4 protein chains.
Amino acid sequence: MAALKESQKQKRRAQIIEGAVKVFARKGFYHATVKDVAREAGVADGTIYLYFKNKDDLLISLFECKMEDILSHFRTRLAELSDPLDKLRVFIEVYFELIENDIELSDVFQVELRQSSKFLKDYHNEKFQEYLEIIEGIITAGKEIGFFRADLDANITKILVFGAIDEVARQWILSNGKYSLQQAGQSVAYTLIHGLLSTS
Amino acid sequence: MAALKESQKQKRRAQIIEGAVKVFARKGFYHATVKDVAREAGVADGTIYLYFKNKDDLLISLFECKMEDILSHFRTRLAELSDPLDKLRVFIEVYFELIENDIELSDVFQVELRQSSKFLKDYHNEKFQEYLEIIEGIITAGKEIGFFRADLDANITKILVFGAIDEVARQWILSNGKYSLQQAGQSVAYTLIHGLLSTS
Amino acid sequence: MAALKESQKQKRRAQIIEGAVKVFARKGFYHATVKDVAREAGVADGTIYLYFKNKDDLLISLFECKMEDILSHFRTRLAELSDPLDKLRVFIEVYFELIENDIELSDVFQVELRQSSKFLKDYHNEKFQEYLEIIEGIITAGKEIGFFRADLDANITKILVFGAIDEVARQWILSNGKYSLQQAGQSVAYTLIHGLLSTS
Amino acid sequence: MAALKESQKQKRRAQIIEGAVKVFARKGFYHATVKDVAREAGVADGTIYLYFKNKDDLLISLFECKMEDILSHFRTRLAELSDPLDKLRVFIEVYFELIENDIELSDVFQVELRQSSKFLKDYHNEKFQEYLEIIEGIITAGKEIGFFRADLDANITKILVFGAIDEVARQWILSNGKYSLQQAGQSVAYTLIHGLLSTS
DNA sequence: AATGAATGAGATTTCATTCAT
DNA sequence: CATGAATGAAATCTCATTCAT
């Protein structure tokens, strides 16, 4: 019974987090009220506080919980591959798939978390670092087998790559899906791999 | 005298905007109070409302005003050059210079505006589009003279380029200047131009 | 069996009251939560409400229950004596003994009840009157046999005596036992008695 | 103008404190809301927070401010006298006058502060100690000139005296003025003095 | 009878904005 | 024009109490 109760608790937590994703995406963290989240999740205001310390904690928990899913999703998909070029292509593909499949969540990640990590007390975004490390791993591997330039600074490059991908995703969201992410993904992958030059 | 008064008004406006930059950088837009800004700017709370419609308008005006400066700075610096490769290198160089020279402002641009642009009512960030257009111009020019690949989608690529540069800048700010932006700039320019591959 | 159940019930009630004494002493009635009391008593939150109407009722019941014990203790100890002077001395002695033996309870009585009696709806503290009557009895008896001044207003004097004793006890508690209550008791008894005596 | 503004501020503070006295006396500190106080004082809710850090601070400030008045009143009245017996009589007289003249304030002092001093963080009631010291001074002076018993422990006795007086006052308030405080005062003074005298 | 998750009313507190001076 | 005291709406969070299990 304890196990059952435990799973009940997890379910309720998840239910609130789903509500929070929707509301934060729609209104932004600061304009969303706890009441909004409660209503969206179908619980009473006070119930939120049985599962989360406060509003900030709700955002952090949302992030941790979802990032966990995302990271393991990436890892599973990339584990099948060995070629760094394939890995990079698939990384971008998976990234854009995730964005397309859960625009609300993407919204929250891109907008709220970016900002919040600076202002939520004592929160230092380890999950995001793990995430960047996946890219770093791909780049380092690519360098080792000689596919990628030996003079690449993996630290800078992982950021460059992430920034490029993420911005394309963000603008796609902001434009309400005016262009094909699929296609954009291929284009991005190609450019990152080959650069801008025609004589390559 | 009217002109004098006008310039007085502009001066006061600028003074408030400087205060706002400092305070928003330090506390974030939502955690900063109008009183904070007033104190930092050395004016009374109510005075803010003689120059700006409300707190949101202050942020938007800050953006418009500062973006104006930045855009004209970019245009001046790029006007001297004709080679798209040089232009791209210099664009990155100037971008990082601006970041280094006014970290507080960069902070506000990167963190607050990114988020706010979505939630400030009726605000659609035309200045940011102008900004992206500078990059687009460089890419299109590069394509036209055959330096850049003909199959580059200038729309996607401008976003990719901006994202890459901007993220490197952001992480530099967040890391409190742990690496050299100068160097990172060269590395970023090289990679964007040549891509990741060693066989280029 | 009914009797057994009845005693079970009494036991559970007592258990909750003990928890309440501890928690109210530690945090004060208004800062203590029903959950705190439940945890301290080792029962569920809801269980409290099977034994008490509400939080106020818990405080009142605590008082009634404990006051009952205290009153009968006083009566037993005083019944053995006939001399009013002895009675007064023993009264003070017993009072201070009770304080020393259950500081938590004393705390609740002195701090919470004093305040609460004014604000708990419909509660008029008859037990406290009974308590004062014990002192009044001693004084009246003392007057009758001519030990105490004939002009003593027993009504005022009982209050005076109670106030004097009680304040010494309170300050002792607040000072965390900096002085000897034993000694203080003798001193207080001496001073009060000399004040009351007719042969002065 | 600064001085004028300053006095305006003091006036507003006093106005809020007066409101608080009334409301706390009527409902008790914990049952009174800040809204209640604001309404009673004729200001907006938020205004309270321009003058006091929070609700606790309002109670503490009320105490400090009023205690100041009371202490200086006592000192003035006692300064005229030299005989310790007279001083003690007048002390009681003044105490009861104050009680009669501001029953609401007395209520708050007797009920709320008694309790609160234990629970308001970091508040240690120095003013109350000053107050007890006045009594101690009288007792010590009385001992020195041989009016009071040499074996009196001034520390215990000041508490005894204060407790006796204060309790008589409290019961008078609780009884809604059923007896004459004037008369009670004389009776109390008589009994206490006879208890304290060396020639008994 | 006992539980403890859920409720939601209500309290404190903040702060953008106004307006009399 | 400038001020800054005052406002009061609105948000977060707490906790006594209920009720399905």
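## The surface near DNA strand E

The residues of the surface near DNA strand E divide into 14 nonpolar, 10 polar and five charged. This is a predicted model. In total, 29 residues lie around DNA strand E. The nearest are A:Thr47, A:Tyr51, B:Val34, C:Thr47 and D:Tyr49. On the DNA side, sugar and phosphate make up 70% of the strand E atoms that come within 4 Å of the protein.

Three atom pairs show how the protein meets strand E. A backbone N or O atom of B:Val34 sits 2.7 Å from a phosphate oxygen of the strand. C:Arg12 uses its side chain: one of its polar atoms is 3.3 Å from a phosphate oxygen of DNA strand E. A base is involved at A:Gly46, where a backbone N or O atom lies 3.4 Å from a base nitrogen of DNA strand E. The elements that give two or more residues to this surface are the α3 helices (45–51) of chain A, chain B, chain C and chain D. The largest share, five residues, comes from α3(C).

## The surface near DNA strand F

DNA strand F is surrounded by 29 residues. B:Thr47, C:Val34, D:Ala44, D:Thr47 and D:Tyr51 are the closest. By class, the surface has 14 nonpolar, nine polar and six charged residues. Sugar or phosphate accounts for 72% of the strand F atoms within 4 Å of the protein, and bases for the rest.

Which kind of DNA atom does D:Ala44 approach with a backbone N or O atom? It is a phosphate oxygen of DNA strand F, at 2.8 Å from D:Ala44. A:Val34 also uses a backbone N or O atom, 3.2 Å from a phosphate oxygen of strand F. B:Arg12 places a polar side-chain atom 3.5 Å from a phosphate oxygen of strand F. Two or more residues each come from α3 of chain A, α1 (2–27) and α3 of chain B, and α3 of chain D. Here α3(B) gives the largest share, five residues.

## Which chains touch

Two pairs of chains are in contact, and chains A and B share the most contacts. Chain A and chain C have no contact; their closest C-alpha atoms are 13 Å apart. Chain B and chain C do not touch either, with 30 Å between their nearest C-alpha atoms.

## The interface of chains C and D

Chain C brings 38 residues into contact with 39 residues of chain D. The area buried between the two chains is about 3500 Å², and carbon and sulfur atoms give 68% of it. Salt bridges between chain C and chain D number zero. Three residue pairs are in polar contact there, both residues at pLDDT 80 or more.

On the side of chain C that touches chain D, α1 (2–27), α6 (103–119), α8 (154–174) and α9 (181–196) each supply at least two residues. The largest share, 11 residues, comes from α8(C). This side of chain C has 19 nonpolar, 10 polar and nine charged residues.

## Symmetry of chains C and D

A rotation of 180 degrees, with 0.0 Å of shift along its axis, superposes chain C on chain D at an RMSD of 0.2 Å. The two copies are therefore related as by a two-fold rotation axis. C:Gly195 is the chain C residue that comes closest to the axis, with its C-alpha at 1.7 Å. Both copies use the same surface: 100% of the contact residues of chain C recur in chain D.

Note on methods: Residues numbered from 1 in each chain as written. Chains lettered and ligands numbered in written order. Heavy atoms only, no water. Near = heavy atom within 4 Å. Polar contact = N/O pair within 3.5 Å; in protein donor to acceptor, adjacent residues only side chain to side chain. Helix = DSSP H or I, 4+ residues; strand = E, 2+ residues; numbered from the N terminus. Nonpolar A, V, L, I, M, F, W, Y, C, P; charged D, E, K, R; others polar. Contact = heavy atoms within 4.5 Å. Buried area = accessible area lost by both parts, 1.4 Å probe. Salt bridge = Lys/Arg side-chain N within 4 Å of Asp/Glu carboxyl O. Least-squares fit on C-alpha atoms with pLDDT ≥ 70 in both.
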